[in-house]
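The following report describes a protein chain with a bound metal, beginning with the metal site and then turning to the strands and the helix. Please keep the sequence and the coordinates in view while reading.

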Amino acid sequence: MSPDRELRVSKIRNGTVIDHITGGQSLNVLAILGIDGSEEFSLSIGMNVPSDRLGRKDILKVEGRELSQSEVDVLSLIAPEATINIVRDYEVVEKNRVERPTEVVGVLSCPNRNCISNDDEPVETRFAVMDDGVRCDYCSEILRDRIAEHIDV
Ligand code: CTP
Ligand code: ZN
């Protein structure tokens with residue numbers, strides 16, 4: 001694409017650029033990060049922008065914020081192609097592709113209301129990551145398309 005036809009969003013000084021997010025998933029990624037726009041930092045969201053590799057993608061630029069490993073783990077479930085770029089003083093100092101973890105602990109709630117992880121007794125939720133979803137270790141309930149709705153972080 002010729003440079004004058006590209007979408008231009010300001011570069012950030014310090015923070016994280018989450019690139020190559022599955023098209024349409026950036027609002028769910030923000031939910032994972034607990035960002036709702038009430039924060040002080042600036043945030044740029046590009047949704048369904050053209051991408052050579054993905055056809056269309058979302059991109060998020062979060063000023064002044066880096067991500068924790070558990071946030072990246074959950075993010076990988078809904079945006080498996082995402083790239084996490086850490087920016088310091090305008091330069092990309094680190095670029096990582098997300099990796100699907102083998103399990104996610106303490107970040108998703110089980111959709112099965114009778115599951116022991118939903119009892120009052122606090123027990124940490126545990127899900128095994130499969131190719132097409134995640135499976136609760138306690139009750140074997142499988143969560144496929146609605147992962148973002150069950151994020152507890
Ligand atoms: N970026 C930014 N602010 C900076 C530096 C980079 O917003 N100070 C953004 C770029 O606009 C780009 C992403 O971070 O969307 C990754 O930057 P870079 O690695 O320079 O771009 P590419 O080489 O195109 O990335 P990739 O190879 O991962 O597609
Ligand atoms: Zn369960």
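Is C110 buried or exposed? C110 is buried, because its relative accessible area is 5%, which falls under the 20% limit that defines a buried residue. The value, like every other one in this report, is computed from a predicted model.

**The zinc site**

C110 is one of the protein donors of the zinc ion (ligand 2), which are C110 (SG), C115 (SG), C136 (SG) and C139 (SG), and these atoms lie 2.3 to 2.4 Å from the ion. The angles among the 4 donor atoms run from 100 to 116°, and the site is tetrahedral. Along the chain, the donors follow the spacing C-x4-C-x20-C-x2-C. Distant parts of the chain are linked by the pair C115 and C136, which are 21 residues apart: C115 belongs to the loop between β6 (103-105) and β7 (126-130), whereas C136 belongs to strand β8 (residues 133-136). Under the distance rule for cysteine sulfur atoms, the count of disulfides is 0.

Accessibility values for three of the donors, and for H150, are set out below.

| Residue | Relative accessible area | Class |
|---|---|---|
| C110 | 5% | buried |
| C115 | 2% | buried |
| C136 | 1% | buried |
| H150 | 14% | buried |

H150 is found in the segment after β9 (142-143). Leaving aside residues up to four places away in sequence, H150 touches V107, L108, S109, P111 and L143.

**Strands β6, β7 and β8**

The strands that flank the loop holding C115 are β6 and β7, and these two run antiparallel, joined by 3 bridges. Within this pairing, V104 stands opposite F127 in β7. On to the next strand, β7 and β8 also run antiparallel and are joined by 4 bridges, with V129 having V134 in β8 as its bridge partner. The two strands β7 and β8 form a hairpin in which 2 residues lie between them. Because 4 of the 5 residues of β7 are buried, this strand is largely enclosed by the rest of the structure.

**The five-stranded sheet and helix α1**

Elsewhere in the description there is an open sheet formed by 5 strands, arranged in the order β2-β3-β1-β4-β5 with antiparallel pairing. Its edge strands are β2 (43-51) and β5 (91-97), each of which pairs on one side only. From one strand to the next, the twist averages 20°. In general, the strands of a sheet pair through backbone hydrogen bonds, in either a parallel or an antiparallel manner.

The edge strand β2 is joined to strand β3 (residues 55-63) by 7 bridges, and the two run antiparallel. P50 stands opposite R56 in β3. Helix α1 (residues 26-33) lies across β1 (15-22), β2 and β3, and the helix runs at about 145° to β2.

**Summary**

Taken together, the model contains a tetrahedral site for the zinc ion (ligand 2) with four cysteine donors, C110, C115, C136 and C139, and an open antiparallel sheet of 5 strands, of which β1, β2 and β3 have helix α1 lying across them.

Definitions and conventions
Residues numbered from 1 in each chain as written. Chains lettered and ligands numbered in written order. Predicted model: local features only at pLDDT ≥ 70, side-chain atom pairs only at ≥ 80, totals over all residues. Heavy atoms only, no water. Donors = N, O, S within 2.8 Å, 3.2 Å for Na, K, Ca; no water. Tetrahedral: all angles 85-135°; square planar, octahedral: opposite > 155°, others 65-115°. Buried < 20%, exposed > 50% of the residue type's maximum accessible area, 1.4 Å probe, protein only. Pairing = 2+ DSSP bridges. Axes fitted to C-alpha atoms, helices over the stretch in contact; angles between N-to-C directions. Contact = heavy atoms within 4.5 Å. Disulfide = S-S within 2.5 Å.
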